[in-house]
Amino acid sequence: VIIPATSGTPASYNQTVSENLAQLIVDYDKLSAIEVTEVSYRLVNAEGNGTSVIQNATLKLNGTTIATITSDLNIVETSANGTVFEITDQAIISQIENTFLNEPTVNIEFSGQALSDGSPVNFDVEVTVNLLVTKET
């Protein structure tokens, strides 16, 4: 995510990446069950303005909101500290399991607004989803 230098007015951003589970899981077409054992995200590789903040953000997985940020979050500090945000809501985890079992394409979208007064900031959002899969025999 690239946030340009702002002057008191937040910059909007929206970034989406896609992965194909069929390329990551051998015999994806033979899956009978998927259990999500962990879902988390963190900000990594932040470079630039040390006072930049995410004012609000939404993290979606195949259109389902899995996390929101609703108050100022310092981007560089959060990245440097290695802060991990865990998703523990069982309803969200169940939706992810169902989605992954029925749709091999995974779209991860991170959008929101950030302030980076004076100079720009760049960072990545790393999403981790650990799975246990059961295959038909």
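This briefing covers the sheet, the nonpolar core, the aromatic pairs and the residue S52. The model is predicted. Its open sheet is built from 4 strands, and its largest nonpolar core has 34 residues. F123 is in contact with residues that include I3, I54, I75 and F110, and those four are also listed among the core residues with the most contacts inside the core.

**Sheet and helix 3**

- The strands of the open sheet run in the order 1-9-3-7, with antiparallel pairing.
- Strand 1 (2–3) and strand 7 (85–86) are the edge strands, and each of them pairs on one side only.
- In general, strands of a sheet pair through backbone hydrogen bonds, either parallel or antiparallel.
- Strand 9 (residues 121–135) and strand 3 are joined in the antiparallel sense by 14 bridges.
- One residue with a bridge partner in strand 9 is E38, which is matched with N130.
- Helix 3 (residues 90–102) packs on the sheet and touches both strand 3 and strand 9. The direction of helix 3 makes about 110° with that of strand 3.

**Nonpolar core**

- Within the largest nonpolar core, the residues with the most contacts are I3, Y13, I54, I75, I96, F110 and F123.
- Two or more residues each come from strand 2 (11–20), strand 3, strand 4, strand 5 (64–69), helix 3, strand 8 (105–115) and strand 9.
- Strand 3 gives the largest share of this core, 7 residues.
- Not counting residues up to four places away in sequence, F123 touches V1, I3, L43, V44, N45, A46, I54, I75 and F110.

**Aromatic pairs**

- The count of aromatic pairs is 3.
- F110 and F123 make an edge-to-face pair, with 6.3 Å centre to centre and 90° between the planes.
- This pair links distant parts of the chain, as F110 lies in strand 8 and F123 in strand 9, 13 residues apart.
- Both F110 and F123 are buried.
- Y13, F110 and F123 are linked into a cluster by ring pairs.

**S52 in the loop**

- S52 sits in the loop between strand 3 (31–48) and strand 4 (53–61).
- S52 counts as buried because its relative accessibility is 0%, and buried means under 20%.
- A polar atom of the S52 side chain lies 2.8 Å from the backbone oxygen of N49.
- Apart from neighbours within four places in sequence, S52 is in contact with L73, N74, I75, V76, L115, S116 and V121.
- I75 appears in the contact list of S52 and in that of F123.

Note on methods:
Residues are numbered from 1 along each chain as its sequence is written. This is a predicted model: local features need pLDDT of at least 70, side-chain atom pairs count only at pLDDT 80 or more; totals for chains, interfaces and linings use all residues. Side-chain values use heavy atoms; hydrogens and water are left out. Buried means under 20% relative accessible area, exposed over 50%, partly exposed in between (1.4 Å probe, protein chains only). A polar contact is a pair of N or O atoms within 3.5 Å; within protein, one must be able to donate a hydrogen and the other to accept it, and residues adjacent in sequence count only if both atoms are side-chain atoms. Contact means heavy atoms within 4.5 Å. Two strands pair if DSSP finds at least two bridges between them. Axes are lines fitted to C-alpha atoms, for helices over the stretch in contact, and angles run from 0 to 180 degrees between N-to-C directions. A nonpolar core is a set of buried Ala, Val, Leu, Ile, Met, Phe, Trp, Tyr and Cys residues joined through side-chain atoms within 4.5 Å. Rings of Phe, Tyr and Trp (its six-membered ring) pair if their centres lie within 6.5 Å; planes under 30 degrees apart count as stacked, over 60 as edge-to-face and the rest as tilted.
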